[in-house]
Amino acid sequence: MVRLSEIKLPLDHEEPALQLAILAKLRITPDDLVGFSIFKRSYDARSKANIVLVYIVDVETRQDERLLAKFAKDPHVVRTPDMHYEVVAQAPPGLVERPIVIGMGPCGMFTALMLARMGFRPIVLERGKAVLERSADTFNFWRRRQPLNPESNAQFGEGGAGTFSDGKLYTQVRDPKHHGRKVLMELVEAGASPEILYINKPHIGTYKLIGIVQHIRATIEALGGEIRFQARVEDFDIVDGKIRGVRLLGGEYLASSHVVLAIGHSARDTFEQLVACGVYVEAKPFSIGFRVEHPQALIDNARFGPNAGHKVLGAADYKLVHHCKNGRSVYSFCMCPGGLVVAAASEPGRLVTNGMSQYARNEANANSAIVVGITPEDYPGDPLAGVALQRRLEEAAFALGGGTYDAPGQKVGDFLAGRPSEDLGGVKPSYAPGVRLGDLSQALPDFAIAAIREALPAFNKQIKGFAMDDAILTGVETRTSSPIRIKRNDDDLQSINTVGLFPAGEGAGYAGGILSAGIDGIKVAEAVALSLVRGQAG
Ligand SMILES: Cc1cc2nc3c(=O)[nH]c(=O)nc-3n(C[C@H](O)[C@H](O)[C@H](O)COP(=O)(O)OP(=O)(O)OC[C@H]3O[C@@H](n4cnc5c(N)ncnc54)[C@H](O)[C@@H]3O)c2cc1C
């Protein structure tokens, strides 16, 4: 197969245009063409009036080798790389030991799925509930002002933190073995639209994710795996630097010498227990800030001009960065076109925001987190000092919001002018339960407020209207990534001081989103499988 890149076609091109472009590029006749498939479709919107679609296609011809030789010097004509996934091992017959996977977020889900596909019958322990019950708890908290359930919410439960999300599926992690492709293929098998395989920056949307998560659970179980909900791991049995098993809330003990820690960035109690058990944990950088909401139409117009609203382009996104005079960097994070701001708390008395969208991305507002990078120098001390800072900021936000899980909010114009907001303008905040207007300058450290005040007008130069008076800020955003790293060896992916413990995914500091967590899940499944096979052989 031959991979062609940089094939540019008008936004409204007819279907046959792509085939014609392939024939023209390769200078072949239709008889020479066996078939083709789209590997990636993105767009180039640098000229808003003339946005073009940019394709990468895999083409099968009757003369692949001749064409590859003919275009040897053209970087846009190459041999299609082999992205086929092969499992690294199969469970030996009679293997008694079953690996334990803690957490059923994207990382734990893909670890368990791949272990199950290799015949290792994993046991998944998830502190939260199955996804439908979890959805009911979360929506009751959001929409009906029912109490926060600390074990069943936007962070905890089947599907993990990404279940009520935009389901954005892109990452910048290095992925030489194409594990990301494997994650996408599995998601399609579980019910995601095949378009995620070729659209640049694909997304799934909350409701679809719920069905996909259930499908993956059924596959793991059909392959001999076991998934236990409301099974919170409370303690780790570590002897002479080796894990022997885990203890659940309620006292039940499960033995295993292979335990995957895919616990996400919000399992603060579990982080504390890991430190108490002597597992090596260190503080790592993360970011803090606010969510900002604008009319989606403003973003669409700024990005797409006369092509705003075009069905192929959908709701526009953005990615912004500003390097401040005080040495801090401010950037947009987890941008949700046509989405909602959601209550992402998991601890009583603490408030944190995040964002999600449905597949259609057709809500009135665009939202993103506008965050400032911070490092352990900002929270010196023990490895969990970042967690303590997150908790302090979330408690302050809870108090500023009135102690009812209403988020504190402020209009951008008032935030920049340094006066509290009293009334909403044209942008209605989407956060539920509700928003209490006031002064957000007390919600973050002074350096972060100064940095965001400098960044918003700078962003306004890139997206006209970004610093509009009525745009609305809510907060706080503290869970942009894990505040800790549970360090592991590069080769066997086991904790640097606890044999058999495999720190994985976002909570351990090895992923930063759904796709990268899934990729890490596959890597860790392979490491566990190889270790189990070698242990059996030896
Ligand atoms: C509202 C929201 C929107 C988001 N939107 C996107 C997006 O559009 N795209 C994107 O790429 N990323 C998004 N993210 C981030 C993404 O969800 C995470 O990066 C990803 O889920 C991390 O995967 P993980 O498996 O490492 O951890 P998690 O998904 O956090 O899963 C960890 C799981 O472990 C369980 N657990 C924790 N402790 C224990 C214990 N002691 N015992 C048993 N179980 C335990 C938890 O209940 C949880 O289910 C969003 C996050 C949120 C909250």
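## Ligand contacts

An oxygen atom of the ligand sits 2.3 Å from an N or O atom in the side chain of E506. The model is a predicted one, and the distances reported here are computed from it. A second acidic side chain takes part: an N or O atom of the E126 side chain is 2.5 Å from a ligand oxygen atom. The backbone contributes as well, with a polar backbone atom of I514 lying 2.7 Å from an oxygen atom of the ligand. Of the 990 Å² of accessible area that the ligand has on its own, the protein covers 96%.

Which elements give two or more residues to the shell around the ligand? They are the helices α3 (106-117) and α12 (514-537), together with strand β17 (353-356).

## Composition and position of the shell

The ligand is surrounded by 38 residues, and the closest of them are C107, E126, A161, E506 and I514. E506 and E126 in this list are the residues whose side chains approach ligand oxygen atoms at 2.3 Å and 2.5 Å. By class, the shell holds 17 nonpolar, 15 polar and 6 charged residues.

Where does the ligand lie with respect to domain 2 and domain 3? Domain 2 (100-282 + 484-537) and domain 3 (285-477) each supply residues to the shell, so the ligand lies between them.

## The seven-stranded sheet

An open sheet of 7 strands runs in the order β14-β15-β18-β13-β21-β19-β20, and its pairing is mixed. The edges are β14 and β20; each has a single partner strand, so one side of each is left without a neighbour in the sheet. From one strand to the next the twist averages 30 degrees.

At the β14 end, strand β14 (residues 321-323) pairs with strand β15 (residues 329-336) in the antiparallel sense over 3 bridges. Within this pair, V321 stands opposite Y331 of β15. The two strands form a hairpin with 5 residues between them, and G327 in the turn has a positive phi of about 90 degrees. β15 also runs antiparallel to strand β18 (residues 365-374), to which 5 bridges join it. Here V330 is placed opposite V372 in β18. At the β20 end the pairing is parallel: strand β19 (residues 407-411) and β20 are linked over 3 bridges. A407 has V435 in β20 as its bridge partner.

## The three-stranded sheet

Another open sheet consists of 3 strands in the order β8-β9-β10, with antiparallel pairing. Its edges are β8 (233-239) and β10 (253-255); because each has a single partner strand, one side of each lacks a neighbour in the sheet. Neighbouring strands are turned against each other by 25 degrees on average, direction ignored.

β8 and β9 pair in the antiparallel sense over 6 bridges, with V246 in β9 as the bridge partner of F236. What lies between β8 and β9 in their hairpin? There are 2 residues between the strands, and D240 in the turn has a positive phi of about 50 degrees. On the other side, strand β9 (residues 242-248) pairs with β10 in the antiparallel sense over 3 bridges. The bridge partner of G245 in that strand pair is A255 of β10.

## Backbone features

Two cis peptide bonds are described here. The bond from A432 to P433 is cis, with omega near 15 degrees. P433 belongs to the loop between α10 (412-417) and β20 (435-437), and β20 is an edge strand of the seven-stranded sheet. The other cis peptide bond joins G475 and V476, with omega of about 10 degrees. V476 is placed in strand β21 (residues 472-477), which stands between β13 and β19 in the strand order of the seven-stranded sheet.

A further backbone feature concerns E6, a residue other than glycine with a positive phi near 60 degrees. Its place is in strand β1 (residues 2-10).

Note on methods: Residues are numbered from 1 along each chain as its sequence is written. This is a predicted model: local features need pLDDT of at least 70, side-chain atom pairs count only at pLDDT 80 or more; totals for chains, interfaces and linings use all residues. Side-chain values use heavy atoms; hydrogens and water are left out. A residue is near a molecule or strand if one of its heavy atoms lies within 4 Å of it. A polar contact is a pair of N or O atoms within 3.5 Å; within protein, one must be able to donate a hydrogen and the other to accept it, and residues adjacent in sequence count only if both atoms are side-chain atoms. Accessible areas come from the Shrake-Rupley method with a 1.4 Å probe; for residues, only the protein chains shown count as cover. Helices (H or I, at least four residues) and strands (E, at least two) are DSSP runs, numbered from the N terminus. Ala, Val, Leu, Ile, Met, Phe, Trp, Tyr, Cys and Pro count as nonpolar, Asp, Glu, Lys and Arg as charged, and the others, Gly among them, as polar. Domain bounds come from an automatic or database domain assignment. Two strands pair if DSSP finds at least two bridges between them. Axes are lines fitted to C-alpha atoms, for helices over the stretch in contact, and angles run from 0 to 180 degrees between N-to-C directions.
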